[in-house]
Every structure is written in C-alpha cells, then in structure tokens.
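Biologist: Please take a close look at one loop position in this model and describe its backbone and its exposure. I should then like the surrounding architecture set out in one connected account.

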Amino acid sequence: VPSGAQLYDLLCVLLLLGAAGMLSLIKPGMIYYWMKDITSEFLKIQLIFTALEILDKILSNFGVDVLEALSSTCTLFTRRSIGLGPLASDLLVAFLLITAHGSVLMCQAMVFAVSMNSKANALLALMIATNFVELKGQVYKRTDTNKLWTLACQDIVERFELLLVLCFVVVEDISNGGCWMPTAGTLLVCGRIFFWEIIIDIAKHAVLGKFNDIRPGIYREYMRDLCGDSLDHHSH
C-alpha cells in the first residue's frame, strides 16, 4: 500500500502530464495573432501583461493551497479516513488550476513574442514600465529579514517562470522557422531580457539592504535554509 507522500507524487506526475496534454491542444499561433491585433499600441500591451501578471500571482497562491490540500487528502485516503470522492474532487480542482496557470504563462510568452517582433521598441518600453512599478513598490518600504526572505523566494519563483516563458518563446520560434535551431536574434533578445531582470533584482535587493541596514551575509543564511527545507521536504 503506497504512503500518502507516494500517492501524492504519483498524482502530481499525472497532473503534469494531463495539463501538458490539454495545453498541447491550444494553438500558440492563434494566441499570437489575436494578441498582435489587439496590441497595436504599447498601452494595450502593458495592460494585458499587467493583467496576466496579476492572474499569475493569484493562480500561484491558490495553487500552493490546492496542492497542500491534495497532499493532506492523499494522506487521509491512504489511512482510509476518507473515500475516493474527496480525492477525486481535489484532483480535479488541482488539474483545472494547473491548466489555467499554464495557459496564463503561455499567454505571457505570446506577449513577449509580440513585443519582440514589434518595430516600435515595445519590448523595451514594456520591460521599463513593469520593472519601474516593481521597484517603486518595493524599495521605499520598510522591511525586515522575514519579509526579505519572502521577497527573495518570490523573486526565485518569478525568474523560474520567466525562464519557462522565454524557453516557450524559443521553442515557438523553432517551430515557426521550420528548423532545429532558433534564430540568433531570438536567443539574443531572450538572453538580454533574463540578464536585465537579474540585474534589476540585484539592484532592488541592494537598495533594500541599504535602506533597512540588512547585511549581505543574510543571503547565505537564506541559501542554507532553502537547501535545508528542500532536503526536509524530500518525500522518499
């Protein structure tokens, strides 16, 4: 009889495969041309990107709670405390949420693709506007080590999601080009986007540390705690 952790890991694999199968039915080209039609102006691009970022954060927060609930349900199910109905309902909610979150990330990738192919420097304006709002909302707030730890974890998740989005842009470029390698221009732009996002994060944390008298060595403690938490949450 599998343990609750083993059942949860198995269901997570099934969720990943199921969501990937559903997302494979969506045609990125349709999303691209639809967004290209409605984003003829920069203001519309920024509004759509901001809305997608908000949806991304909402679905991420709900996703953590739903997956934690599914983990608890798996434990109760293996102990025969509940039946198959609650497990199936939690699994269905998790599947819908993961599929919706994947769709939002796909739309974000298409916004980047439209901006990259724009002749009006829409990508540059988009990156400046979104990062300016983030810096303005963070650097002038009083914070402590606990809040900084939360912010650092959020930045790690955001950079990982950005990497996924940019990888999707590269794969879509390969698909549209009909070859096995992406164009050098696409790789250069994606690398530039990721590089500047990291630089902005470094500047943000440097300013926060300066204004709040937080020593840089705290990040080594964060790294040690993160590695420890990863080992502690290893199922088997």
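Modeller: Arg80 is placed in the loop between α3 and α4, helices being DSSP runs of H or I of at least four residues and strands runs of E of at least two, numbered from the N terminus. The model is a predicted one, in which local features need pLDDT of at least 70 and side-chain atom pairs count only at pLDDT 80 or more, while totals for chains, interfaces and linings use all residues. Residues are numbered from 1 along each chain as its sequence is written, and side-chain values use heavy atoms, with hydrogens and water left out.

Arg80 has a positive phi of about 60°, although it is not a glycine. Most residues other than glycine have a negative phi. The relative accessible area of Arg80 is 73%, so this residue is exposed; the term means over 50%, against under 20% for buried and partly exposed in between, with a 1.4 Å probe and protein chains only. Asp213, in the loop between α7 and α8 (218–232), also has a positive phi, of about 55°, and is not a glycine. Asp213 counts as exposed because its relative accessibility is 72%.

The protein around these loops has eight helices and zero strands. Of its 236 residues, 33% count as buried.

Helix α4 (residues 84–116), which follows the loop of Arg80, packs on α1 (residues 4–24): their axes come within 9 Å and cross at roughly 45°. Such axes are lines fitted to C-alpha atoms, for helices over the stretch in contact, and the angles run from 0 to 180 degrees between N-to-C directions. Therefore α1 is oblique to α4, since angles under 35 degrees count as roughly parallel, over 145 as roughly antiparallel, 65 to 115 as roughly perpendicular and the rest as oblique. Contact residues (heavy atoms within 4.5 Å) include Leu11, Leu15 and Gly18 of α1 and Phe95, Ile98 and Gly102 of α4. By class they divide into twelve nonpolar, four polar and no charged; Ala, Val, Leu, Ile, Met, Phe, Trp, Tyr, Cys and Pro count as nonpolar, Asp, Glu, Lys and Arg as charged, and the others, Gly among them, as polar.

The largest nonpolar core has 37 residues, and those with the most contacts inside it are Met35, Leu70, Cys74, Val111 and Phe112. A core here is a set of buried Ala, Val, Leu, Ile, Met, Phe, Trp, Tyr and Cys residues joined through side-chain atoms within 4.5 Å. Both helices beside the loop of Arg80 are among those that supply at least two residues each, α3 (42–78) and α4. The greatest share comes from α4, with 13 residues.

Elsewhere, the axes of α6 and α7 come within 10 Å and cross at roughly 175°, which means that α6 is roughly antiparallel to α7. This contact has 13 nonpolar, two polar and six charged residues.

Met127, in helix α5, is buried, because its relative accessibility is 13%. Its contacts, not counting residues up to four places away in sequence, are Phe112, Ile193 and Glu197. The C-alpha atoms of Met127 and Ile193 are separated by 8.2 Å, although the two residues lie 66 apart along the chain.
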